[in-house]
Amino acid sequence: MMHDGLETRFAAACAIAREAGVLARKRFLERPRSQRPDFKGPQDFLTATDAEVEQLIRGRLNELLPNDAFFGEEGGGSFERDVWVVDPIDGTANFARGIPHFAISIAFVRDNRTEIGVVYNVMQDELYTAQRGRGAFINGEKIRVSGLADIRQATVEAGWSTRLPRDPYIALVDRLKAAGVNVRRAGSGTLGLAYVADGRIDAYCELHINSWDVLAGLLIIEEAGGWANNFLAKDGLRKGNPVLACTPELAEAVIAATGIAKEP
């Protein structure tokens with residue numbers, strides 16, 4: 001394998017993301033309108049498709065790269081020097097309620113540094129990809145962050161987690177609004193980050209999020225010229241962390257408004 005195997009791994013991740021996307025799209029379109037979603041906890045959705053898609057990704061990677069470790073949101077796994085970190089469907093609540101805004105996230109991490117990031121926006125057929133040092137792309141076309149410098153013109157997605165009390169989230173949104181920000185929440189942190197990379201929005205923030213939701217998207221943002229906090233500090237790979245990513249011109253202002261610093 002060339003380049004210490006990263007070229008082969010990148011090609012595999014892209015192909016597997018698209019294959020998994022075909023399955024996810026099929027399940028979404030055939031979902032009965034009357035189906036009631038299952039829950040792991042309050043506002044924490046679960047569908048059979050999450051596990052099915054994860055199993056497909058796990059199986060394909062194991063066939064091609066049997067020595068790599070794997071960790072998925074649904075089935076867990078192990079963290080070794082070389083590990084794939086996967087969210088089979090980020091935006092499960094959207095998926096479960098028939099809203100076509102969800103994505104597959106596949107990241108390859110070596111020695112606690114993300115080397116490959118692939119995010120597939122299933123229903124829009126948009127494949128976001130990045131290899132460290134090689135730029136960021138959507139369906140093969142290079143992308144860049146917005147470059148916006150005035151926070152009063154910015155659109156920021158503020159993610160929310162049931163793992164934290166609501167008051168800190170409400171306070172964060174209040175501070176962003178006071179700074180003049182257009183605040184949104186679309187229900188997929190993975191796609192929120194991809195949209196920052198593509199200049200569709202200007203920043204994404206969340207007070208706590210898991211690694212499988214963000215690692216691919218954060219690399220794509222960095223390779224698109226964006227700024228991101230040091231998410232993998234303090235064992236963020238296993239335990240998660242606050243996340244903040246934006247166009248560099250907004251970093252200082254968004255740090256001040258959110259209270260999320262470069263180092264968690």
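**Figure 1. The second largest pocket of the predicted model encloses about 200 Å³ of space.** The model shown here and in the views that follow is predicted. The lining of this pocket is made up of 14 residues. Those nearest the pocket centre are Arg132, Glu222, Asn230, Phe231 and Leu232. Two elements, β7 (113-121) and α6 (211-223), each give two or more residues to the lining. Helix α6 makes the largest contribution, with 4 residues. Sorted by class, the lining holds 6 nonpolar, 4 polar and 4 charged residues.

**Figure 2. Eight strands form an open sheet with mixed pairing.** The strand order is β4-β3-β5-β6-β7-β8-β9-β10. At the edges stand β4 (76-77) and β10 (141-142); each has a single partner strand, so one side of each lacks a neighbour in the sheet. Within the sheet, β7 and β8 (residues 126-131) run antiparallel and are joined by 6 bridges. One residue pair to locate in this view is Val118 with its bridge partner in β8, Thr129.

**Figure 3. Helices α2 and α5 pack on the sheet of 8 strands.** Helix α2 (residues 48-64) touches β3 (69-72), β4, β5 (82-90) and β6 (103-110). The direction of α2 makes about 150° with that of β5. Helix α5 (residues 189-197) is in contact with β5, β6, β7 and β8. For α5 the angle, taken against the direction of β7, is about 100°.

**Figure 4. An open sheet of 5 strands, again with mixed pairing, has the order β12-β11-β13-β15-β14.** Its edge strands are β12 (182-184) and β14 (227-228), each of which pairs on one side only. Strands β13 (residues 203-209) and β15 (residues 241-246) pair in the antiparallel sense, with 5 bridges between them. Among the residues of this pairing, Glu206 has Val243 in β15 as its bridge partner. Helix α5 packs on this sheet, touching β11 (155-158), β12, β13 and β15. The direction of α5 makes about 150° with that of β13. Helix α5 also packs on the sheet of Figure 2, where β5, β6, β7 and β8 are the strands touched.

**Figure 5. Arg27 and Glu30 form a salt bridge between their side chains.** Side chains of opposite charge can pair when their charged atoms come close. Here the N to O distance is 2.8 Å. Both Arg27 and Glu30 belong to helix α1 (residues 6-30). They are 3 residues apart, about one turn of the helix. The structure as a whole holds 20 salt bridges.

**Figure 6. The largest cavity has a volume of about 50 Å³.** Rolling a probe the size of a water molecule over the atoms shows where empty space is left. With a threshold of 30 Å³ or more, the count comes to 1 cavity. The lining consists of Gly159, Trp160, Ser161, Leu164, Pro165, Tyr169, Glu206, Leu207 and His208. Strand β13 supplies the largest share of this lining, 3 residues. By class, the lining residues divide into 5 nonpolar, 3 polar and 1 charged. Glu206 in the cavity lining is also the residue whose bridge partner in β15 is Val243, as shown in Figure 4.

Conventions
Residues are numbered from 1 along each chain as its sequence is written. This is a predicted model: local features need pLDDT of at least 70, side-chain atom pairs count only at pLDDT 80 or more; totals for chains, interfaces and linings use all residues. Side-chain values use heavy atoms; hydrogens and water are left out. On a 1 Å grid over the protein atoms alone, a cavity is a set of points where a 1.4 Å probe fits but cannot get out, and a pocket is an open set with protein on both sides within 12 Å along at least five of seven lines; lining residues have an atom within 4 Å of a point. Grid points are joined across faces, edges and corners, and a volume is the space filled by probe spheres set on the points. Ala, Val, Leu, Ile, Met, Phe, Trp, Tyr, Cys and Pro count as nonpolar, Asp, Glu, Lys and Arg as charged, and the others, Gly among them, as polar. Two strands pair if DSSP finds at least two bridges between them. Contact means heavy atoms within 4.5 Å. Axes are lines fitted to C-alpha atoms, for helices over the stretch in contact, and angles run from 0 to 180 degrees between N-to-C directions. A salt bridge is a side-chain nitrogen of Lys or Arg within 4 Å of a carboxyl oxygen of Asp or Glu.
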